[in-house]
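Reader: I would like a close look at one part of this model, the helical packing and what surrounds it. Please go slowly and connect each residue to its setting.

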Amino acid sequence: MSSIDAPQSEAAVRDRAAHQAYAAGRQVIVRLSDVERTYRVHDETVHALRGINLDIYAGEYVSIMGPSGSGKSTLFNMIGGLDQPTRGGVTVHGIRIADLTRPQQARLRNRCIGYIFQTYNLIPVMTALQNVALPLLLGGREMKQAQDRAAELLASVGLEQRLHHRPDELSGGQQQRVAIARSFANDPSIILADEPTGNLDTHTGEQIIENLSEMSRRHGVTIISATHDHKMLYVSDRVVTIRDGRADRIELRSELDIRVGRIGEEDRS
Ligand SMILES: Nc1ncnc2c1ncn2[C@@H]1O[C@H](COP(=O)(O)OP(=O)(O)OP(=O)(O)O)[C@@H](O)[C@H]1O
Ligand SMILES: [Mg+2]
C-alpha cells in the first residue's frame, strides 16, 4: 500500500470497526446476497439492481435513500418476495425466498411482512375498514375480531371518521394512511415502507415516522423505509444509499450526525 493511501485507509479501518461493532451480536433478519435484477424491455436490458449485498438486523430502522429510478422499489419487491432476482438470493428469517412455493411466500408475507406500497395498492371496491381487515381475515381471524382490530388500527392513523370510505373517496394521504394501518395488521416482524410519507404533509409524515420508529424501539419490529426526505432520516439506525442499482454507501446514525449536524434539522433552518 502506498503512503498516499494511508490516511484514507485509516478512516476506512475506523469505519469498518464501527460497522463491525454495530453488527456484533445482532441477528440478521434479511440478507441480500449479490442481488441483481434486470428487465428486458423490447430490445433493451434495464439493470435495476446490479449486485446488492446487504444484511439487515432484527429490530433496526433502516432508511433506503437514492434518486428516482435507482432501484429502491425493486429492492423492496425482492425482500417482499413479489419479484425474484435475476441473480443472487434473498433470505428472510434465514429462509431463502426462492425455495418457497408461491403459497408459502404468500404466507410469509401475510404473517411476517407489512408492506406499505409506494402506490398504496388498496383494493378499490373495499372500504378502508375492509382493506385493513383483509390481511387479518386471511391470517385466520374471525370477522368481528378482524373488524375491531382494523378499526383500532385506522384510529391509530387518525382515520376513525373514514372507516367506510372507499379509496376513491379518500385523499392520497388518507389512502397512504390506510395502507400504513393495513401493514401493521398482523403484527409483522418486518415492515417494508416504500416512501410512506411521500404524500403526507410534514406534520402527518412525522407522526407516521414516529409510529414506525416506536414499533421498532418498543416491539423490536424491523423497519425498512425508502425515503427522499432528509427530514425523515432522524429515526434511522442506518441509512443505505442506493445509486444506479448498487448500495453506494451504508452509514450509521453516528456518521450521519457528523455529516449533517443534528439529523432532521438540516432542511428546517
Ligand atoms: N417492471 C419493470 N420493467 C422494466 N423496467 C423496470 C421495471 N420496474 C422497474 N424498472 C426500472 O428499474 C429501475 C429501478 O426502478 P425502481 O422502481 O426500483 O426505482 P425507485 O428507486 O423505486 O424510483 P422512485 O424513487 O421513482 O420510486 C428504473 O430504471 C425503472 O425504469
Ligand atoms: Mg420507488
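Author: A residue is called buried here if 20 or more other C-beta atoms lie within 10 Å of its own, exposed if 12 or fewer, and partly exposed in between. The model is a predicted one, and with that cut-off in hand Tyr-120 can be placed: it has 20 C-beta neighbours inside 10 Å and therefore counts as buried. Tyr-120 sits in the loop between strand E6 (113-116) and H4, and its phi is near 65°, a positive value in a residue other than glycine. Most residues other than glycine have a negative phi.

The loop that holds Tyr-120 leads on to H4, and helix H4 (residues 128-138) contains Pro-135. Pro-135 is buried, because 22 other C-beta atoms lie within 10 Å. Leaving aside its neighbours within four places in sequence, Pro-135 is in contact with Asn-110, Arg-182, Ala-185 and Asn-186. The C-alpha atom of Pro-135 is separated by 8.7 Å from that of Ala-146, which is 11 residues away along the chain.

Ala-146 brings us to helix H5 (residues 143-156), which has 14 residues and reaches 20 Å from its first C-alpha to its last, close to the 20 Å expected at 1.5 Å a residue. The buried residues of H5 are Ala-146, Ala-150, Leu-153 and Leu-154. Seen down the axis of H5, these buried residues fall within an arc of 95°, so they line one face of the helix. An α-helix has 3.6 residues a turn, so residues three or four places apart point the same way. The partners of the buried residues of H5 are H4 and helix H6 (172-183), against which they pack. Just after H5, Gly-158 takes a positive phi of about 80°.

Leu-154 of H5 also belongs to a wider assembly, for the largest nonpolar core has 64 residues, and Leu-154 is among those with the most contacts inside it, together with Ile-79, Val-132, Ile-191, Leu-192, Ile-223 and Ile-224. Ile-191, taken without its neighbours within four places in sequence, is in contact with Gly-114, Ile-116, Ser-183, Leu-212, Met-215, Val-221 and Ile-223.

Asn-186, already met as a contact of Pro-135, is in contact with Arg-111 as well, and so is Gly-139, once the neighbours of Arg-111 within four places in sequence are set aside. Arg-111 lies in helix H3 (residues 102-112) and, with 15 C-beta neighbours inside 10 Å, counts as partly exposed. The C-alpha atoms of Arg-111 and Arg-177, which are 66 residues apart along the chain, are separated by 20 Å.

His-42 offers a contrast in burial to Tyr-120: His-42 has 4 C-beta neighbours inside 10 Å and so counts as exposed, whereas Tyr-120 counts as buried. The place of His-42 is in the loop between E1 and E2, and its phi is near 55°, again a positive value in a residue other than glycine.

Those two strands also take part in the surroundings of ligand 1. This ligand is surrounded by 13 residues, the closest being Tyr-39, Ala-48, Ser-68, Ser-73 and Thr-74. Two or more residues of the shell come from each of strand E1 (28-41), strand E2 (44-57) and helix H2 (72-79), and H2 gives the most, with 3 residues. By class, the shell around ligand 1 has 4 nonpolar, 8 polar and 1 charged residues.

Methods:
Residues are numbered from 1 along each chain as its sequence is written. Chains are lettered from A and ligands numbered from 1 in the order in which they are written. This is a predicted model: local features need pLDDT of at least 70, side-chain atom pairs count only at pLDDT 80 or more; totals for chains, interfaces and linings use all residues. A residue is near a molecule or strand if its C-beta atom, placed from the backbone, lies within 6 Å of it. Helices (H or I, at least four residues) and strands (E, at least two) are DSSP runs, numbered from the N terminus. Ala, Val, Leu, Ile, Met, Phe, Trp, Tyr, Cys and Pro count as nonpolar, Asp, Glu, Lys and Arg as charged, and the others, Gly among them, as polar. Two residues are in contact if their C-beta atoms, placed from the backbone, lie within 7 Å. The expected span of a helix is 1.5 Å times one less than its number of residues. The arc is that of the directions from the helix axis to the C-beta atoms. A nonpolar core is a set of buried Ala, Val, Leu, Ile, Met, Phe, Trp, Tyr and Cys residues joined through C-beta atoms within 7 Å.
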